[in-house]
Amino acid sequence: MAQADASLQLVPEVNPYTLRPLRKACLVGFALGVLLLAAVQTGAPYNVGWAGLILAIVSSLVYIFDLRHDGPPGIKNNGIMHSGALSRGAWGWFLGVFITGFYVIVYFYPSYVSRLIEMVDPLKIAVSGQPGVSRNEAGEITGHSQWFFYGFLYTLSILVMGVRAIMKYRHSRYQILRTISVMAAQLFLAFLIPDILMRLNEGRGWFAWANIWPLNFYGFEPWNLDNLWKNAGFIGRSAVVWAVASIILVTPVLTYFYGKRWYCSWVCGCGGLAETLGDPWRQNSDKSLRAWKIERWMIHLVLVLVVVTTGTLFLHYQFNILGDLGNTLKKWYGFLIMSVFAGVIGVGFYPIMGSRVWCRFGCPMAAVLGIIQRYFSRFRITTNGGQCISCGNCSTYCEMGIDVRYYAQRGENIVRASCVGCGVCSAVCPRGVLNLENGPVKGRFAV
Amino acid sequence: MEHVAIIGNGISGITVARYVRKLSDKRITVISAESRHFFSRTALMYIYMGHMKYEHTKPYEDWFWEKNRIDLIHDYVTEIDTESKRLTLRNGPAVDYDKLVIATGSKSNKFGWPGQDLDGVQGLYSLQDLELMEKNSRDVNHAVIIGGGLIGVEMSEMFHSRGIHTTFLIREPHFWGNIMRPEEGALIGRHLNGHGVELKCNTQLDHVIDDGNGRCRGVVTDQGEELACQFVGLTAGVHPNLDLVKNSAVETGRGVIVNEYLETNVPDVYSAGDCAEIRTNPDERGRVEQLWYTGRMQGEALARTICGERTRYDRGIWFNSAKFYDIEYHTYGVVWPEDREGETSMYWENEAGDKCMRFVFNQEDRCLIGMNAFGIRYRHQVFERWLADNRPLEYVLTHLSEANFDPEFFKHFEADMVDKYNQMNIGPKVTLAKKKKLLGIF
């Protein structure tokens with residue numbers, strides 16, 4: 001037998017997977033749609049943009065429905081590691097830079113997408129009753145709020161790519177129901193209901209119902225809660241009650257029974273985007289022990305930061321102490337964590353670091369849920385006896401970078417703070433070894 | 001410090017190394033010519049299909065070995081001298097050992113077919129085989145696979161993922177006929193057909209056709225049919241790799257002959273895994289177990305013996321698993337290809353014909369002997385307990401829901417199985433016990 005290893009030619013010289021012509025056409029259609037949207041910004045009429053948007057959506061959906069030709073329902077991860085776009089090749093880096101760049105523009109330089117914001121403004125007015133584009137008395141545009149436009153694209157991505165996730169995992173009812181859940185949570189709870197409620201409430205106070213503090217950092221600011229409580233009527237008071245109850249009551253109870261998945265992979269908007277738009281890149285998460293160590297430091301550090309920041313804001317609001325410290329902390333937390341980390345890096349780095357960069361390394365809500373899941377929960381991933389063949393599919397496709405195989409091959413249950421319960425390890429396991437279960441806390445780590 | 005040298009870094013050799021480290025402070029060296037680090041052989045197919053890269057198939061990160069003081073040598077052992085307890089390597093310096101473990105694995109079976117050594121004709125066992133397959137399948141649009149078994153179906157799935165059409169030549173009247181019963185074989189056969197795979201049952205290879213340049217261009221079956229193809233997969237089983245051992249003092253038969261303690265005829269020399277032939281009775285043909293699971297269990301037992309706690313290898317209640325394209329297969333206990341004397345069985349299949357169950361039980365006391373599950377996951381520990389406790393079929397069926405291991409929200413078929421059983425009138429009537437659900441949801 002020859003000296004092997006380094007010289008092994010284990011990857012094909014040419015990618016053996018050729019796209020069906022229909023799928024190529026769909027990719028072209030999608031790119032054309034994006035270009036038409038870009039054209040709007042350079043002065044083309046809004047209708048060109050709508051045409052581009054529809055073209056992009058239709059192209060995506062045709063591509064997605066064509067996936068049924070890949071064979072009967074079942075896991076079909078063929079060619080992922082041969083695809084540059086999906087496994088950190090040139091196209092993967094291009095997409096990473098493109099999404100990151102787009103996020104930087106939308107978050108920090110919305111004037112570069114001003115006409116796109118204007119384009120969707122009629123929709124915003126229809127939903128919330130209020131424009132996102134401000135005008136002076138002469139009717140000239142004086143400013144743009146990008147957040148409806150951003151939410152619109154975000155929701156659209158979850159819906160379209162949610163259809164893809166359902167198509168891809170259609171052999172699993174767990175995956176189908178979970179995907180429908182994140183799609184509905186984003187569309188209704190996160191996107192439509194807050195705006196509709198604000199409209200019913202005549203504009204007095206806005207609240208992100210789907211987000212729970214400490215993820216919902218801005219919503220939990222003392223002036224905002226105070227305003228909602230005092231000036232926003234029944235809906236406002238309900239929002240305040242929910243804001244408090246969601247973290248101190250609902251979160252511990254549901255996490256005790258079902259693990260953090262009830263939120264992270266069934267409801268949360270960040271999780272929703274990761275499970276749909278991010279799904280094609282889930283395998284790019286780092287599985288090394290080193291990454292796990294970094295993860296634990298970072299996520300708990302962010303949790304400390306948000307507790308200190310929110311706490312300082314409350315102390316200042318209530319007792320007028322600590323001066324401007326709270327606002328300074330808020331400014332930096334908002335910029336570095338909420339915008340750069342959760343937004344730009346969290347999504348922009350999908351193609352390079354996998355779909356859960358923010359959820360894994362940053363999200364303070366995930367940290368809270370993780371602590372509860374690790375120490376006070378009935379949830380675990382059960383290993384089915386000694387049947388693991390150490391193949392590595394579970395670890396490879398874990399978006400949270402958990403080395404699932406490490407536990408499975410020992411016949412140990414997987415009880416990890418970071419597990420969001422997406423269920424993909426169980427779906428990709430070729431020997432049916434893994435199962436997400438809720439059971440007695442006693443003996444939950446056991447073989 | 002005592003030095004344990006292990007030849008072969010597959011699951012058996014590596015399990016010995018890991019457990020010797022857990023149990024002792026001995027010096028450990030693992031020698032392999034195949035790869036520098038341990039990887040999961042069972043995952044070879046996924047590398048070809050692009051589900052994983054080679055590095056994903058390594059169960060431990062590369063620093064693991066140094067941290068656990070397991071020395072790795074990437075070299076080929078050319079000679080074992082059991083007198084001076086010395087291994088000669090092809091490239092590096094010789095290695096002296098105190099205890100030696102032979103875990104050299106298997107080689108693909110070749111039955112002397114004319115043309116079996118042509119280019120484009122190969123088996124699939126090692127990393128090098130995979131590399132060869134990558135080369136050999138570059139311009140292939142049709143592959144013929146000899147032997148309907150587990151490696152064959154993996155090979156077929158690999159080709160299928162790249163749009164290469166495959167045809168099976170199967171000696172038996174149905175798929176995996178030396179293990180599987182006709183109903184199960186038919187179910188898998190239908191599933192393979194659904195993927196566009198062609199099965200030629202009751203058919204064997206006669207010879208491989210040379211294209212004139214030393215490469216295969218087709219096969220001729222024993223029915224005289226000629227099939228054009230550019231690749232021939234030889235997957236009619238494997239046999240112990242004895243290339244190294246047969247010129248040493250270590251006794252061999254079909255494999256390296258060992259007793260139940262995995263000890264060879266030479267003191268301080270042991271063998272485990274695919275290459276070992278276990279003889280409980282010196283006059284009988286021993287058994288060769290070529291499974292990932294048995295390799296691991298043998299490795300564990302052998303490590304104890306090496307560390308002074310002489311342990312008999314006991315494989316316990318038999319189990320195995322596989323996956324045929326989209327259909328998972330589990331078996332617990334013993335299911336022979338047909339009922340043996342005193343055995344009888346119950347077979348259930350869903351309406352769609354892609355899931356099935358078989359329960360084999362004792363005719364007299366009705367105790368469960370074995371089960372096959374296709375397309376439904378069942379708990380290993382629960383069935384192991386039922387088999388160990390000699391539970392009768394009606395008990396198993398009553399409590400079957402407890403053993404279900406399918407993900408949440410999956411459709412359950414236990415009630416249907418119980419109905420079928422009750423209709424068959426083969427024993428006392430059974431009512432399915434309800435599985436307790438928390439808040440009625442999960």
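How many residues of domain 1 of chain B are in contact with domain 2 of chain B, and how many residues of domain 2 are on the other side? I opened the notebook with this. The model is a predicted one. I found 14 residues of domain 1 of chain B in contact with 16 residues of domain 2 of chain B.

**Entry 1: chain B as a whole**

I looked up the overall build next. Chain B has 11 helices and 26 strands. Its C-alpha trace spans about 70 × 60 × 50 Å along the principal axes. I then checked the radius of gyration, which is 24 Å; this agrees with a compact globule, because one of 442 residues would have a value near 22 Å.

The domain assignment splits chain B into domain 1 (3–107 + 239–306), domain 2 (121–236) and domain 3 (319–440). I noted that domain 1 is given as two segments.

**Entry 2: domain 1 against domain 2**

I went back to the pair in my opening question. The C-alpha centres of domain 1 of chain B and domain 2 of chain B are 30 Å apart. Between them these two domains bury about 1400 Å², and carbon and sulfur atoms give 66% of that area. On the side of domain 1 of chain B, the residues that lose the most area to domain 2 are B:Leu44, B:Met45 and B:Tyr48, together 53% of what that side buries.

I searched for charged pairs across this interface and the rule found zero salt bridges. I did find seven residue pairs in polar contact between domain 1 of chain B and domain 2 of chain B. Helix H2 (residues 44–49) of chain B gives five residues, the largest share of the domain 1 side. By class, I wrote down eight nonpolar, three polar and three charged residues for that side.

**Entry 3: chain B against chain A**

Which residues of chain B lose the most area to chain A? I took the totals before the names. Here 67 residues of chain B are in contact with 70 residues of chain A. The two chains bury about 5600 Å² between them, with 50% of it on carbon and sulfur atoms. The residues I was after are B:His51, B:Phe405 and B:Phe409, together 12% of what the chain B side buries.

I counted three salt bridges between chain B and chain A. One of them joins the side chains of A:Glu437 and B:Arg379, at 2.3 Å from N to O. There are also 32 residue pairs in polar contact between the chains. Several elements of chain B each supply at least two residues of the side that touches chain A, among them H2, helix H7 (292–306) and strand S22 (319–324). My last note is the class count for that side of chain B: 28 nonpolar, 17 polar and 22 charged residues.

Terms used. Residues are numbered from 1 along each chain as its sequence is written. Chains are lettered from A and ligands numbered from 1 in the order in which they are written. This is a predicted model: local features need pLDDT of at least 70, side-chain atom pairs count only at pLDDT 80 or more; totals for chains, interfaces and linings use all residues. Side-chain values use heavy atoms; hydrogens and water are left out. Domain bounds come from an automatic or database domain assignment. Contact means heavy atoms within 4.5 Å. Buried area is the accessible area (1.4 Å probe) that two parts lose on being put together, summed over both. A salt bridge is a side-chain nitrogen of Lys or Arg within 4 Å of a carboxyl oxygen of Asp or Glu. A polar contact is a pair of N or O atoms within 3.5 Å; within protein, one must be able to donate a hydrogen and the other to accept it, and residues adjacent in sequence count only if both atoms are side-chain atoms. Helices (H or I, at least four residues) and strands (E, at least two) are DSSP runs, numbered from the N terminus. Ala, Val, Leu, Ile, Met, Phe, Trp, Tyr, Cys and Pro count as nonpolar, Asp, Glu, Lys and Arg as charged, and the others, Gly among them, as polar. The radius of gyration is taken over C-alpha atoms; the globule rule is 2.2 Å times the number of residues to the power 0.38.
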